[in-house]
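Please open the model in your viewer, with the sequence panel beside it, and follow the stops below in order.

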Amino acid sequence: MKSSKRALPVFASLAALGLGSVLFAAAALADEPLKAPGIDWDARADKWFTAPKEDEAARKAQMKEASRALKRPCKFCHTEDFSGFTDDKRKLLTQQMMIVSAENGVECKDCHDGRDKMTELGHDAKKMYDLSREKNVFCDECHQTNKSKFKDLTDKGKKFKEEAEAKQKGAPAPAAPTPAPAPATK
Ligand code: HEC
Ligand code: HEC
Ligand code: HEC
């Protein structure tokens, strides 16, 4: 098992929270896909395709790349005649994956290395997925959707990182504003 080269404070602090499961155990969809309110998964996932809907051949070719990274056949997700999906949860999770890939400028193979195997980035992402599942938020709560490969954080993301760093140093989290001095008594 390869351990992460970079000990990002946020991951050390996640491990402390007991969220640092290292093994990718996904024989089946063991966990529910994360839930985040108000997201149109269909519309956002569609942006993963670089070709328009009319160009089915190009879309198929792109899917083939995804399929290859996962070492899963089309019918792992699509029904035999491609009119539906084998499992609604798998469909949703895959749509979330397509969104993560398109918005953060990464590809399936950057995280997936064959059937049930993950790259180092994939392992980092697994901790993040668990965190997001706990918080009922999607990745864009903390990561900008500008294809920066997870480098550019939103304000909430920056705040989360600061808190994780403070926790790791053993310093108290940013304190509440100090109370105003008591009025002088005469
Ligand atoms: C891991 C699951 C998964 C695998 C494997 C997979 N697909 Fe898909 N496919 C999806 C999802 C999810 C969508 C997006 C559906 C949506 O948003 O409506 C999709 C969309 C498509 C589309 C676009 C449909 C449209 O409305 O434009 C085509 C074409 C397609 N898949 C073909 C394939 C082919 C061919 C393979 C095998 C080489 C394959 N898929 C493998 C999950 C998968
Ligand atoms: C940034 C890393 C990352 C990228 C990029 C990524 N995935 Fe994933 N994928 C994960 C993680 C983490 C999980 C485990 C999620 C969980 O805990 O349920 C996962 C799980 C899955 C699963 C469920 C496991 C299974 O075998 O049923 C499918 C299907 C999947 N990904 C498809 C894709 C596809 C298709 C793409 C490209 C469009 C993709 N992923 C891109 C990180 C990634
Ligand atoms: C609550 C905030 C938050 C959420 C939600 C979140 N992340 Fe992160 N993520 C961070 C922070 C903070 C870092 C560390 C960034 C740094 O130190 O520069 C990070 C780092 C990462 C890294 C490591 C980048 C690298 O270079 O190795 C990956 C991959 C990642 N996140 C993926 C995801 C994915 C995928 C999701 C959604 C499933 C997600 N994150 C949701 C806050 C978040």
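**Around ligand 3**

Begin by selecting the shell around ligand 3 in this predicted model, where α6 provides the largest share, seven residues. The whole shell holds 20 residues, and those closest to the ligand are Met 128, Cys 139, Cys 142, Phe 150 and Lys 161. Two elements, α6 and α7 (155-169), give two or more residues each to this shell. Colouring the shell around ligand 3 by class should show 14 nonpolar, three polar and three charged residues.

Keep Met 128 selected for a moment, since this residue is in helix α6 and is among the closest to ligand 3. Is Met 128 buried or partly exposed? Met 128 counts as partly exposed because 19 other C-beta atoms lie within 10 Å, whereas a buried residue would need 20 or more. A distance drawn from the C-alpha of Met 128 to that of Val 10 should read 9.8 Å, although the two are 118 residues apart in sequence.

**Along α6 and α7**

Now select the whole of α6 (120-135). Its 16 residues should span 22 Å at 1.5 Å a residue, and the end C-alpha atoms are 23 Å apart, so the expected and modelled lengths agree. Buried in this helix are His 123, Ala 125, Lys 126, Tyr 129 and Ser 132, and α5 is included in what covers the buried residues of α6. Step just past the end of α6 to Asn 136, which takes a positive phi of about 55°.

The same check can be made on α7, whose 15 residues should span 21 Å at 1.5 Å a residue; the end C-alpha atoms are 21 Å apart, so this helix also agrees with expectation. After α7 comes Gly 170, and its phi is positive as well, near 80°.

**Around ligand 2**

Move next to ligand 2, which is surrounded by 22 residues, the closest being Met 97, Cys 108, Cys 111, Ala 125 and Lys 126. At least two residues of this shell come from each of α3, α4, α5 and α6, and α4 gives the most, with seven residues. Coloured by class, the shell around ligand 2 shows 14 nonpolar, four polar and four charged residues. Of the closest residues, Ala 125 and Lys 126 are also among the buried residues of α6.

**The largest nonpolar core**

From here, select the largest nonpolar core, which has 16 residues; Met 97, Met 98, Ile 99 and Cys 108 touch the most other members. The elements that contribute two or more residues to this core are α3 (56-70), α4 (88-104), α5 (108-111) and α6 (120-135), and the largest share, five residues, comes from α4. In soluble globular proteins, nonpolar side chains tend to be buried together. Met 97 and Cys 108, picked out here in the core, also appear among the residues closest to ligand 2.

**The whole chain**

Finally, zoom out to the full chain, which contains seven helices and zero strands. Of its 186 residues, 15% are buried. Among contacts with a separation of 6 or more, 59% join residues 24 or more positions apart.

Colour the chain by confidence as a last step: the mean pLDDT is 87, and 80% of the residues reach 70 or more. Where should the model be read with care? Over residues 20-28 the pLDDT is below 50, and this stretch has 13 contacts in the model beyond near neighbours in sequence.

How values were computed. Residues are numbered from 1 along each chain as its sequence is written. Chains are lettered from A and ligands numbered from 1 in the order in which they are written. A nonpolar core is a set of buried Ala, Val, Leu, Ile, Met, Phe, Trp, Tyr and Cys residues joined through C-beta atoms within 7 Å. A residue is buried if 20 or more other C-beta atoms lie within 10 Å of its own, exposed if 12 or fewer, and partly exposed in between; C-beta atoms are placed from the backbone. Helices (H or I, at least four residues) and strands (E, at least two) are DSSP runs, numbered from the N terminus. A residue is near a molecule or strand if its C-beta atom, placed from the backbone, lies within 6 Å of it. Ala, Val, Leu, Ile, Met, Phe, Trp, Tyr, Cys and Pro count as nonpolar, Asp, Glu, Lys and Arg as charged, and the others, Gly among them, as polar. The expected span of a helix is 1.5 Å times one less than its number of residues. Two residues are in contact if their C-beta atoms, placed from the backbone, lie within 7 Å. pLDDT is the predictor's confidence in each residue, from 0 to 100.
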